Amino acid sequence: MSYTVFENIENIGILTLSRYQKRNAINLEFMNELYQIILNIKNMDIKALLVKSTGNVFCSGGDIDYFATLDSKEKAISMSYAMHCLLNEIENLEVPTIACINGSAVGGGAEFIMAFDIRFLESDSFIQFKEIQMGVTTGWGGTYRLVNIVGKSKALELLLSAKPIYAQEALKIGLINNYFDKEVIFEETFKFCKTFAQEDLNLIKPIKTLVKHSVEKTNNEAMAQERDVFSQTWMLGKRQSIMEKFVKRKK
Ligand SMILES: C/C=C/C(=O)SCCNC(=O)CCNC(=O)[C@H](O)C(C)(C)COP(=O)(O)OP(=O)(O)OC[C@H]1O[C@@H](n2cnc3c(N)ncnc32)[C@H](O)[C@@H]1OP(=O)(O)O
């Protein structure tokens, strides 16, 4: 059974979650399918990965019917580890990843979207860390990523209250980058991807690497890595021709 659709449109990989009859709840087969797609993406010639979904719910999190079969601590750990690996693979993709959250993201769905670099939310939808109401804690990397995105205090508030976070608040706290109406969210997200998809992958990938590592490294490590990457890209033809054009502007 296929839970996803993958397309390459103008060098932008578009992954659509397509299990809407279960509100895109993620079970073991869905996890495995996503994992395989992400591994395949690593060998594809794409400039960005955009994820969206079918229907009004982007992702309702873990498939509760599947979760109910995990009747031991070991099985829970194993499921959590599989999702950690999948979401780390997404986070570690060299190309930018953009979540077009065209519906609500609930529980594990809220954890899922945080593995993406940039998040756009549909204006009437919400993000909800519903885990506590389901008798669990975050198990898909949610606490770690949420703290890094919104800070410790706000993360605790959202995780404990399990309140739905609507678009305006989500934008205010930095959980999303922007929001758009339902009719245009995909078009706007795709347009955003196209703004950089025309650039050289030799620039796109190192920019993402630098941003990603800047929060994981000490100042000295980050500066050393920045010098390294900067000097590698420095000799690219594109930089030279752009600067030469600028230098010659007065002639
Ligand atoms: C570490 C991770 C932890 C977790 O992720 S814990 C799980 C957290 N998630 C949830 O608690 C969400 C549960 N679902 C809902 O609250 C609602 O759904 C929604 C608000 C997301 C959407 O509501 P609406 O659009 O009215 O859909 P509907 O009628 O409730 O559901 C349609 C079908 O989808 C199934 N379904 C929805 N969410 C899940 C799920 N998370 N796991 C398994 N099935 C789900 C239902 O049961 C039903 O199915 P049928 O038509 O056969 O009755």
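In this predicted model, 12 residues of domain 1 are in contact with 5 residues of domain 2. The protein chain is split into these two parts, with domain 1 covering 4-195 and domain 2 covering 201-250. Their C-alpha centres are 29 Å apart.

**The largest pocket**

A good place to go next is the largest pocket, since its lining draws at least three residues from domain 1 and at least three from domain 2. Which residues lie nearest its centre? They are Glu-91, Phe-116, Asp-117, Val-211 and Lys-212. Four elements each supply at least two residues of the lining: helix H3 (73-91), strand S7 (118-122), helix H5 (142-150) and helix H9 (201-214). Of the elements, H9 gives the most to this lining, with 6 residues.

**The second largest pocket**

Now turn to the second largest pocket, which holds about 580 Å³ of space. Closest to its centre are Gly-62, Phe-67, Glu-131, Met-134 and Val-136, out of 26 lining residues. Here the elements that give two or more residues are helix H2 (64-67), H3 and helix H4 (108-113). H3 provides the largest share of this lining, 4 residues. Helix H3 is thus a useful landmark as you look around, as it contributes at least two residues to the lining of the largest pocket and 4 residues to that of the second largest pocket.

The table sets the two pockets side by side.

| Pocket | Volume | Lining residues | Classes in the lining |
|---|---|---|---|
| Largest pocket | about 840 Å³ | 26 residues | 13 nonpolar, 5 polar and 8 charged residues |
| Second largest pocket | about 580 Å³ | 26 residues | 11 nonpolar, 9 polar and 6 charged residues |

**The six-stranded sheet**

With the pockets in place, the sheets come next. An open sheet of 6 strands has the order S1-S2-S3-S5-S7-S10, with mixed pairing. Where are its edges? They are at strand S1 (4-9) and strand S10 (178-180), each of which pairs on one side only. From one strand to the next, the twist averages 20 degrees.

At the S10 end, S7 and S10 pair in the parallel sense over 3 bridges. Along this pair, Leu-121 stands opposite Tyr-179 in S10. Strand S7 also belongs to the pocket story, as one of the elements that supply at least two residues to the lining of the largest pocket.

At the S1 end, helix H1 (residues 28-41) comes into view. Helix H1 lies across S1, strand S2 (12-17) and strand S3 (48-53). Its direction is at about 15 degrees to S1.

**The four-stranded sheet**

There is also an open sheet of 4 strands, in the order S4-S6-S8-S9, and its pairing is mixed too. Strand S4 (57-59) and strand S9 (165-166) are the edge strands, each pairing on one side only. What is the sense of the pairing between S4 and strand S6 (residues 104-106)? The two pair in the parallel sense, over 2 bridges. If you would like a residue to find by eye, try Cys-59, which stands opposite Ala-105 in S6.

**Back to the two domains**

To return to the starting point, the contact between the domains involves 12 residues of domain 1 and 5 residues of domain 2. The largest pocket is a second place where the two come together, with at least three lining residues from each. Helix H9 (201-214), among the elements of that lining, gives the most to it.

Key. Residues numbered from 1 in each chain as written. Predicted model: local features only at pLDDT ≥ 70, side-chain atom pairs only at ≥ 80, totals over all residues. Heavy atoms only, no water. 1 Å grid on protein atoms, 1.4 Å probe; cavity = no way out; pocket = protein on both sides within 12 Å on 5 of 7 lines; lining within 4 Å. Points joined across faces, edges and corners; volume = space filled by probe spheres on them. Nonpolar A, V, L, I, M, F, W, Y, C, P; charged D, E, K, R; others polar. Domains from an automatic or database assignment. Pairing = 2+ DSSP bridges. Axes fitted to C-alpha atoms, helices over the stretch in contact; angles between N-to-C directions. Contact = heavy atoms within 4.5 Å.
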